[in-house]
Amino acid sequence: MLDNEVIVKIEATGIGHLENSLISGELFFVAFPFVSGGDGVGRVVKSGKDGEYLLGKRVVICGVSGCWSEYVVSTHEWTVAIGNNVPL
């Protein structure tokens, strides 16, 4: 794991324009296997040295492919802590 990386256990993600285009067949140039989902909400379960301040916190991640997975690797720069009271 790199110093700037965090591993997030995904709790929720959405369907954006890219996912809708893939589902509808509008996009056909994506190489498979491909895990979609560009934005997600979850909890940081592991971090490199630079992302330790996020460890255990509920976060939003954006600009990262693979948020339809159970876990995703992001960088702390693209990961923002949010409160537990923010509804999904």
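Buried residues account for 31% of the 88 residues in this protein, which is shown here as a predicted model. Begin with the whole chain in view. Taken along the principal axes, the C-alpha atoms fill a box of roughly 40 × 30 × 20 Å. In a cartoon display, one helix and five strands can be located, and along the sequence they follow the pattern β-α-β-β-β-β.

**The nonpolar core**

Select next Val 6, Val 8, Ile 10, Val 44, Leu 54, Val 59, Ile 61, Val 64, Cys 67 and Val 72, and display their side chains. These 10 residues constitute the largest nonpolar core of the protein. Strand 1 (5-13) and strand 3 each contribute at least two residues to this core. The largest share, three residues, is supplied by strand 1.

**The salt bridges**

Keep strand 1 in view and turn to charged side chains. The protein has three salt bridges.

For one of them, select Lys 9 and Glu 70, whose side chains meet at 3.4 Å, N to O. Lys 9 belongs to strand 1 and Glu 70 to the loop between strand 3 and strand 4 (71-75), so this contact ties together parts that lie 61 residues apart in sequence. Lys 9 is partly exposed, at 33% relative accessibility.

Select Glu 11 next, together with Arg 43. The closest N and O atoms of this salt bridge are 3.9 Å apart. Here strand 1, which holds Glu 11, is linked to strand 2, which holds Arg 43, across 32 residues of the chain. Both partners count as partly exposed: Arg 43 has a relative accessibility of 29%, and Glu 11 has one of 41%.

Now add Arg 58 to the selection. The side chain of Arg 58 forms a salt bridge with that of Glu 11, at 3.4 Å from N to O. Because Glu 11 is in strand 1 and Arg 58 in strand 3, the pair ties together parts 47 residues apart in sequence. Is Arg 58 buried or exposed? At 6% relative accessibility, Arg 58 counts as buried, since the cut-off for that class is under 20%. With the three side chains displayed together, one can see that Glu 11, Arg 43 and Arg 58 form one network through salt bridges that share partners.

**The negative patch**

Move to the surface and select Asp 3, Asp 50, Glu 52 and Glu 77. These residues gather in a patch of negative charge. To examine one member, centre the view on Asp 50, which is placed in the loop between strand 2 (39-47) and strand 3 (58-62). Asp 50 is partly exposed, with a relative accessible area of 36%.

**The nonpolar patch**

For the last stop, keep the surface display and select Ile 15, Ile 23, Val 35 and Trp 68. Together they form a nonpolar patch on the surface, with about 430 Å² of accessible area. Where does Ile 15 lie? Its place is in the loop between strand 1 and helix 1 (17-24). Ile 15 has a relative accessible area of 62% and is therefore classed as exposed, the cut-off for that class being over 50%.

To close the tour, display the two surface patches together: the negative one includes Asp 50, and the nonpolar one includes Ile 15.

Note on methods: Residues numbered from 1 in each chain as written. Predicted model: local features only at pLDDT ≥ 70, side-chain atom pairs only at ≥ 80, totals over all residues. Heavy atoms only, no water. Patch = residues over 30% accessible without salt bridge, like charges linked within 9 Å, V, L, I, M, F, W, Y side chains within 5 Å. Areas by Shrake-Rupley, 256 points an atom, 1.4 Å probe, with all protein chains shown as cover. Salt bridge = Lys/Arg side-chain N within 4 Å of Asp/Glu carboxyl O. Lys, Arg positive; Asp, Glu negative; His and termini not counted. Charge placed at Lys NZ, Arg CZ, Asp CG, Glu CD. Helix = DSSP H or I, 4+ residues; strand = E, 2+ residues; numbered from the N terminus. Buried < 20%, exposed > 50% of the residue type's maximum accessible area, 1.4 Å probe, protein only. Core = buried A, V, L, I, M, F, W, Y, C linked by side-chain atoms within 4.5 Å.
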